[in-house]
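Biologist: Before I plan anything at the bench, I would like to go through this model with you, beginning with how the chains meet and then turning to one strand.

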There are 2 protein chains.
Amino acid sequence: MPKVQGNAFYAQSGGVTAVINATACGVIQTARKHKIKVYAGRNGIIGALKEDLIDTSKEPAANIAALKYTPAGAFGSCRYKLKSLTENRAQYERLIEVFNAHDIRYFFYNGGGDSQDTAYKVSQLSVKMGHPITCIGIPKTVDNDLALTDNCPGFGSVAKYVAVSIRECGLDVASMCATSTKVFILEVMGRHAGWIAAAGGLAAEKAGDSPHIILFPEIPFDETAFCAKVKLSVERYGFCSIVVSEGTRYANGALLADSGTKDAFGHTQLGGVAPLLAAKIKQQLGYKYHWAVADFLQRSAGHIASTVDVEQAYAVGQKAVEFALAGKNAVMPIIIRTSNKPYRWKIGDAPLEKVANVEHKMPRHYISRDGFGITKACRDYLQPLVKGEAYPPYKNGLPNYVRLKNVPVRKKLNTPFEV
Amino acid sequence: MPKVQGNAFYAQSGGVTAVINATACGVIQTARKHKIKVYAGRNGIIGALKEDLIDTSKEPAANIAALKYTPAGAFGSCRYKLKSLTENRAQYERLIEVFNAHDIRYFFYNGGGDSQDTAYKVSQLSVKMGHPITCIGIPKTVDNDLALTDNCPGFGSVAKYVAVSIRECGLDVASMCATSTKVFILEVMGRHAGWIAAAGGLAAEKAGDSPHIILFPEIPFDETAFCAKVKLSVERYGFCSIVVSEGTRYANGALLADSGTKDAFGHTQLGGVAPLLAAKIKQQLGYKYHWAVADFLQRSAGHIASTVDVEQAYAVGQKAVEFALAGKNAVMPIIIRTSNKPYRWKIGDAPLEKVANVEHKMPRHYISRDGFGITKACRDYLQPLVKGEAYPPYKNGLPNYVRLKNVPVRKKLNTPFEV
């Protein structure tokens, strides 16, 4: 192992998850073991650009340990994609300037495809600028759409939330359908890929179980076929339970969510594909409906996080530090499924340039022929990812999530930077 | 104790909850102990009118025990209010005819205010018709709006769900607010009373905690004051987290949910006060927002049921049978809070005629002076009701809820009855 030198920088990027803090825990606990100080970016990469760093060494060990079961981004995240090198080289140079000022030799960037791209560029530029930095991307996304890794930390927990929820809501509408609600619609995330919606399919173990219909972004919405399937479910089972991805589109590519609902001011910006479908069903079939939009509920549900997901999220953080110390650079830890039954996995690594900006969609053979459900192959893939209940500790009947002190690092540069 | 004779009838009524089956468990287990056979109405009281009864004695003890942690209505519920005696006496006479045919001497009706009224009328009429039936109403409603009982079974679990969820979503938006979403809105149930929305307030333990704003049906919506409060929260804490009751109204009594959102066909029936508020905030303040509508998610969330709620739901079922066997009639078991710190409770009883059709709204002193939050008195009332996590068992990463066999009782009457 090469001589340990310098500090590490860690930042959370993009939409947060139930387990991204478990990754932070893996990074920080492992770095502490190797006597490396971790500075976190306050609100992600913006913290680096503004030299707004958090000294995680000031945080008690118990707080760091508690990150393992605390959802959302403990240091703040951001939606901020660095421009390309040619468009805004100054951003990259600023990062390296800040890293230089604080003797940061390791850059851990925890996010989706864009973040892997940024980490890769920083690694390239830092060499040219004479301050070489070891850059490790760490995967995170509820969308499960990163390339090369078998699955993404964050996905297993949202998958579990959606499957649990549609099972529960299915029991509810089954109870009510004789005289009241006959259709229930749950809208879930996934603008480009249907992984999250697919996870709802785990709830159905035999014919008639909820959900009866899943709508994927990958399958163009066919209103006639959809309404026929709703009618069939109601006639056969008494009710129809539906999971719809927010990214469901018409054959012409237009999002359903953009195509109808208007707010009080005539704007079409509300989103909400669930209410739109509900209205179509009411108009075409006359059934009474209920709908829910899970939104942040699904990705922040630390109270029902998947144990496998928490363990993998921790492991990619831990391995990121170990890879860096072993001299690896410009790589991302990936999850490799070594066995399906029993489920076994290990952490490997992939070059950042191969991960960056590649989208991993659902394979067609994971979606049933009629386009409204998942296949056995899909179920076999998803099933292990939702295993185990990583319950947080409770206090007064509510999860006792940690709130970090987030002590700032004293600034060394005297140059403000506009982001 | 009087000599045990005859069978019992049990039915679930109205919107289901996470714990109404725990009440069914209490009824059936206690009845079994006393060698009384329980017939359940398939889809509630409609099952009695149609002579569509379920023989719970055919159900294995393990299935009955599993009801304690299985959400929704295991025998089916219904939204069906019996007309008044003068309007439709035939309905009541039919009930008594069916009860007579199956030697049913005990009528347990598990529901809200309307159901207590029905139970009361049946008890009165049965005497006149020469087939006296012991009638016990059993409280159930997520709305927590039944009179005389300190709280309603079903409410504690939905309260816990809402408080857990708004705490989690608050952490999410706090992570994102530097560059993205600044406002999060969670829409919850409660058409007439703000108890469920109030429960969200439990998540906030100190200034700045989520939620910053609660909107109650009891407080007329003041758009100017609301927007000012949103702005203040964003300026002070970086974000604003909101719980809104579906029943929030303007000063003129119109529901917000009815007042703006139109679907693709121009209908105003969508509901959804959360998207409406989001649009107002965007228009007035320009903040990026997210919103969720919990709908059935909140009342079917067996995976995060409150232990206190489950225990009370079971206890009212158990006591209903014990009261009936002790010769009480036309009463409802009620929950009596005997001590707040430590929380202690017992089951008492109240006459059905005093419970029926009385609505228990939130007292004004439970709502903060500005109308956007809860007071300490409210917190002290709510806190004990969400205590404990009554986790269900899991299989393959999902709650292993029971599905009963629901074996029908052979019909004895040869007379169809239209409902």
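Modeller: This is a predicted model, and in it 70 residues of chain B are in contact with 70 residues of chain A.

Biologist: Which element gives the largest share of the side of chain B that touches chain A?

Modeller: Several elements of chain B each supply at least two residues of that side, namely α6 (155-176), α9 (273-285), β9 (289-293), α10 (296-299) and β13 (398-399). The largest share amounts to 13 residues, and the element they come from is α6(B).

Biologist: How many residues of the side of chain B that touches chain A are nonpolar?

Modeller: Sorted by class, that side of chain B has 11 charged and 23 polar residues, while the nonpolar ones number 36.

Biologist: Turning to chain A, which residue is the bridge partner of Gly41(A) in β3(A)?

Modeller: Gly41(A) belongs to strand β2 (residues 38-41), where it points the other way from Val38(A) and Ala40(A), and is buried. Three bridges join β2(A) to strand β3 (residues 53-55), the two running antiparallel, and within β3(A) the partner of Gly41(A) is Leu53(A).

Biologist: And which residue of β2(A) is the bridge partner of Tyr10(A)?

Modeller: Strand β1 (residues 7-12) of chain A pairs with β2(A) in the parallel sense over three bridges, and these two strands, together with helix α1 (residues 20-33), make a right-handed β-α-β unit. In β2(A), Val38(A) points one way together with the residue you ask about, and both are buried; the bridge partner of Tyr10(A) is Ala40(A).

Key: Residues are numbered from 1 along each chain as its sequence is written. Chains are lettered from A and ligands numbered from 1 in the order in which they are written. This is a predicted model: local features need pLDDT of at least 70, side-chain atom pairs count only at pLDDT 80 or more; totals for chains, interfaces and linings use all residues. A residue is buried if 20 or more other C-beta atoms lie within 10 Å of its own, exposed if 12 or fewer, and partly exposed in between; C-beta atoms are placed from the backbone. Helices (H or I, at least four residues) and strands (E, at least two) are DSSP runs, numbered from the N terminus. Two strands pair if DSSP finds at least two bridges between them. A crossover is right-handed if, with the strands pointing away from the viewer, the path from the first strand over the helix to the second runs clockwise. Two residues are in contact if their C-beta atoms, placed from the backbone, lie within 7 Å. Ala, Val, Leu, Ile, Met, Phe, Trp, Tyr, Cys and Pro count as nonpolar, Asp, Glu, Lys and Arg as charged, and the others, Gly among them, as polar.
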